[in-house]
Amino acid sequence: MESVFEIIAEPNRRAILSLLVSSQQSVGEIERRLRMPQPTVSKHLRVLREAGFVESTVDAQRRLYRLKPGPFHEVDAWLAQFRRFWSAHVDALERHLDRMNHDRMEQRPHGSATPTKEKTRRR
């Protein structure tokens with residue numbers, strides 16, 4: 001069986017997972033939204049289902065697919081060791097943006113909440 005990372009490495013599967021983040025979808029809806037042929041969608045859904053990423057329910061004559069959180073916990077646990085690398089950069093960016101905003105506010109005339117545009121003359 002493929003690892004969680006091999007499964008999500010495939011671009012079509014990632015596209016399907018991204019669609020399912022917002023709501024459950026039928027095979028037909030996935031086909032239309034991703035412009036993929038039905039056999040391709042079904043093949044990827046089978047892989048995702050067998051790996052535990054999605055589950056399906058039957059609604060009348062449609063099979064609806066939705067995400068299951070289990071495998072995402074494994075990905076999240078693996079990523080946790082790397083978060084310190086990007087969180088420091090995100091914190092530095094936030095400080096930089098705060099300084100820029102503070103400098104911009106200090107440059108405005110007192111009592112001016114927003115920058116003003118010069119009025120243009122009408123002919």
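In this predicted model, Ser26 sits in strand 1, which covers residues 25-26. Its relative accessibility comes out at 6%, so Ser26 counts as buried, the cut-off for that label being under 20%. Setting aside the neighbours within four places in sequence, the residues that touch Ser26 are Arg62, Arg63 and Leu64. Strand 3 takes in residues 62-67.

Val58 gives another view of this part of the chain. Val58 belongs to strand 2, and 32 residues separate Val58 from Ser26 in sequence. In space, though, their C-alpha atoms are 9.5 Å apart. Whereas Ser26 is buried, Val58 has 58% relative accessibility and so counts as exposed, a label that calls for over 50%.

Past the end of strand 2 comes Ala60, in the loop that runs between strand 2 (54-59) and strand 3 (62-67). Most residues other than glycine have a negative phi. Ala60 goes the other way, with a positive phi of about 60° although it is not a glycine. At 74% relative accessibility, Ala60 is also classed as exposed. Arg35 tells a similar backbone story: it is not a glycine either, yet its phi is positive, at about 55°. Arg35 is placed in the loop between helix 3 and helix 4, and with a relative accessibility of 78% it counts as exposed.

The two helices on either side of Arg35 also pack against each other. Helix 3 (residues 27-34) and helix 4 (residues 38-50) have axes that come within 9 Å and cross at roughly 115°. The crossing of helix 3 past helix 4 is right-handed. From helix 3, the residues involved are Val27, Ile30 and Glu31; from helix 4, they meet Gln38, Val41, Ser42 and Leu45. Sorted by class, this contact holds 4 nonpolar, 2 polar and 1 charged residues.

Helix 4 has a further partner in helix 2 (residues 11-22), and here the axes come within 10 Å and cross at roughly 80°. That angle falls in the 65 to 115 range, so helix 2 and helix 4 count as roughly perpendicular to each other. On the helix 2 side, the contact is made by Asn12, Arg13, Ile16 and Leu17. Helix 4 brings Thr40, Val41, His44, Leu45, Val47 and Leu48 to this contact. The split by class is 6 nonpolar, 3 polar and 1 charged. Val41 and Leu45 turn up in the contact with helix 3 and again in the contact with helix 2.

Turning to the aromatic side chains, the count comes to 3 aromatic pairs. One of them joins Trp78 and Phe82, with 4.9 Å from centre to centre and 55° between the planes. Such a pair is called tilted, because the edge-to-face label needs planes over 60 degrees apart and the stacked label needs them under 30. Neither ring-bearing residue is classed as buried: Trp78 has 42% relative accessibility and therefore counts as partly exposed, and Phe82, at 31%, is likewise partly exposed. Phe5 comes into the picture too, since ring pairs link Phe5, Trp78 and Phe82 into a cluster.

Conventions: Residues are numbered from 1 along each chain as its sequence is written. This is a predicted model: local features need pLDDT of at least 70, side-chain atom pairs count only at pLDDT 80 or more; totals for chains, interfaces and linings use all residues. Side-chain values use heavy atoms; hydrogens and water are left out. Axes are lines fitted to C-alpha atoms, for helices over the stretch in contact, and angles run from 0 to 180 degrees between N-to-C directions. Helices (H or I, at least four residues) and strands (E, at least two) are DSSP runs, numbered from the N terminus. A crossing is left-handed if the near helix is turned anticlockwise from the far one by less than a right angle, and right-handed if clockwise. Contact means heavy atoms within 4.5 Å. Ala, Val, Leu, Ile, Met, Phe, Trp, Tyr, Cys and Pro count as nonpolar, Asp, Glu, Lys and Arg as charged, and the others, Gly among them, as polar. Rings of Phe, Tyr and Trp (its six-membered ring) pair if their centres lie within 6.5 Å; planes under 30 degrees apart count as stacked, over 60 as edge-to-face and the rest as tilted. Buried means under 20% relative accessible area, exposed over 50%, partly exposed in between (1.4 Å probe, protein chains only). Angles under 35 degrees count as roughly parallel, over 145 as roughly antiparallel, 65 to 115 as roughly perpendicular and the rest as oblique.
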